[in-house]
Protein chains: 2
Amino acid sequence: MTRPVGDPSFEDLTARARIRDAAIRLFAERGMDGTTVRDITQAAGVSPGLLRHHFGSKEALREECDTYVLDRMIEIKQELVFDGKLANPAALPSIHPTILLYYKYVTQALLDGSRSAASMFDDMVALTEQWIAKNAPDVSEDHRAYAAVMVGMQSGMLAMHNHVSRALGVDVFTAEGHLRMAGALADFYSHPLLDPELVTKARRAMDALRSSIPPTAAGDDPAAEGA
Amino acid sequence: MTRPVGDPSFEDLTARARIRDAAIRLFAERGMDGTTVRDITQAAGVSPGLLRHHFGSKEALREECDTYVLDRMIEIKQELVFDGKLANPAALPSIHPTILLYYKYVTQALLDGSRSAASMFDDMVALTEQWIAKNAPDVSEDHRAYAAVMVGMQSGMLAMHNHVSRALGVDVFTAEGHLRMAGALADFYSHPLLDPELVTKARRAMDALRSSIPPTAAGDDPAAEGA
DNA sequence: GGTCGTACTATACCGGCGTATAGTCCGCTG
DNA sequence: CAGCGGACTATACGCCGGTATAGTACGACC
């Protein structure tokens, strides 16, 4: 009831920090819209008014959580790189369990339309594109699309974490589940699944289609939804 | 204002069908929680009460939309396979633009926690697992995880469609954008990105970690959120 | 032609939401 | 000790969500 705090550093168990931490956890779990101000303050053990007093609004709190989580993430990663504790980022969560929560948070933030998370996404795409250009330029002719798809798939898989977890029988946001997922991911990256010839044949068919498609398409187009 | 209908088959422009179609479009666009009953009925050009009259509740409407979309999807795919119009499912959207809307819908349904969509996900994982066991058993030792990750990545990437689209400069839910995405995806499947030796080395490090991890982990664990 | 069922509207209800405001407690400073 | 400011609570306001209900228009059937 009265908020079980784990191991907060001493000067950080102020009510303000408790609200922020509760918000991060709840935003990560249920998303921004799925979390009410009252949920947060109840989890933090304070009154709803205090949230407004400290943060002004729910939106402002969200932005503060965004920057906080993002800062902490790069902080943790740099720290680990400094200590040289690991070469493989996939193994990171098993060392620093809090980062799994942050992964979850950022994933949700992407779905919720957070601008900070979106720009982080863009940064990752840019970095991936550079990495490909330098280390594996032959994997695709369209480096940009390749990078975007890769980042989108990785973050998207986390967005589907409950379904993936259900299929796996393990929560991918636990160290154990995350490792299993990372293992499959490694296989994915290292072994070609499809025959390249078959793919180029398919691509040729796609190219043929591309020229012959009607200009209209679905999506947010208000027309063109048939029965 | 009064609902621009595209090309509904005649007996299907009943108000009931209009409500369903509007709901499908709005659910796909904004998700279940982001769409209000009044939004739907306004888009369908009817009064809010009529939704309740025909469907009973918003939740019941959602379920009907779910089954409708899923049925239509397999119907369309079977039809296309029957006609032999294509061998490559990635090119499908350019032929049948409505299916892009359905893709979007199912993706959102997965995020919204729809049971029908979840069981569709499970089916796809099972099918993928079988396919791998038969056609590419050497890509991984953990066929289940590989299949789950693969399906999760594909559907998840669509969940991140706005971010991927932003990075690409094209909406991936248009025929043009979808083709570009599919192209990158094909590269992804056909060319190994990482050196297998490097991966097996990383995997060995992961195995070492797996035995030495603390039993606790983040996620929905109420404790263990540090400062 | 009366009645009955169905499609449909108008409007009200109730709860939960984010937010605003008034007020209390309390440690610090002059 | 007076008072002042920040942390914090209690409570209320306005809005909007899904839902419920009463009522209307109209075609079908006996």
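A residue is near a strand if one of its heavy atoms lies within 4 Å of that strand. I keep this cut-off at hand for the DNA entries below.

**Entry 1: what I am looking at.** I note that this is a predicted model. I looked up the secondary structure of chain A and found 11 helices and 0 strands. Read from the N terminus, the elements of chain A run α-α-α-α-α-α-α-α-α-α-α. Chain A has 227 residues, and 51% of them count as buried. I also checked the contacts in chain A with a separation of 6 or more: 54% of them join residues 24 or more positions apart. The exposed area of chain A is about 10800 Å², with 55% of it supplied by carbon and sulfur atoms.

**Entry 2: confidence.** I looked up the pLDDT of chain A; the average is 83, and 80% of the residues score at least 70. Within chain A, helix α9 (residues 161–168) has the highest confidence, at 98, and helix α5 (residues 92–95) the lowest, at a mean of 61. Residues 1–11 of chain A have a pLDDT below 50, and I find 16 contacts for this stretch beyond near neighbours in sequence. For residues 215–227 of chain A the pLDDT stays under 50, and the model has 34 contacts there beyond four places in sequence.

**Entry 3: DNA strand C.** Which residues are closest to DNA strand C? I count 15 residues around this strand, and the closest are Thr36(A), Val37(A), Arg52(A), Lys58(A) and Ser47(B). Of the strand C atoms within 4 Å of the protein, 58% belong to sugar or phosphate, and the rest belong to bases.

I then looked up side-chain contacts to phosphate oxygens of DNA strand C. Lys58(A) places a polar side-chain atom 2.7 Å from one. For His54(B), an N or O atom of the side chain is 3.0 Å from a phosphate oxygen of the strand. For His53(B), the corresponding distance is 3.4 Å. Two elements give two or more residues to the surface near strand C: α2 (37–44) of chain A and α3 (48–55) of chain B. The most comes from α3(B), with 4 residues. By class, I record 4 nonpolar, 7 polar and 4 charged residues on this surface.

**Entry 4: DNA strand D.** I repeated the look-up for DNA strand D. This strand is surrounded by 15 residues, the closest being Ser47(A), Val37(B), Arg38(B), Arg52(B) and Lys58(B). Sugar and phosphate make up 58% of the strand D atoms that come within 4 Å of the protein.

What does Arg38(B) approach on strand D? A polar side-chain atom of Arg38(B) lies 2.8 Å from a base nitrogen. Arg52(B) has a polar side-chain atom 2.2 Å from a phosphate oxygen of strand D, and in the side chain of Lys58(B) an N or O atom is 2.6 Å from a phosphate oxygen of that strand. The elements giving two or more residues to the surface near strand D are α3 (48–55) of chain A and α2 (37–44) of chain B. Here α3(A) gives the most, with 4 residues. I sort the residues of this surface into 4 nonpolar, 7 polar and 4 charged.

**Entry 5: one residue in chain A.** I picked Thr128(A), which lies in helix α7 (residues 115–135) of chain A. Is Thr128(A) buried or exposed? Thr128(A) counts as buried because its relative accessibility is 15%, and buried means under 20%. Leaving out residues up to four places away in sequence, I find that Thr128(A) touches Ala147(A), Met150(A) and Val151(A).

Methods: Residues numbered from 1 in each chain as written. Chains lettered and ligands numbered in written order. Heavy atoms only, no water. Buried < 20%, exposed > 50% of the residue type's maximum accessible area, 1.4 Å probe, protein only. Contact = heavy atoms within 4.5 Å. Areas by Shrake-Rupley, 256 points an atom, 1.4 Å probe, with all protein chains shown as cover. Polar contact = N/O pair within 3.5 Å; in protein donor to acceptor, adjacent residues only side chain to side chain. Nonpolar A, V, L, I, M, F, W, Y, C, P; charged D, E, K, R; others polar. pLDDT = per-residue confidence, 0-100.
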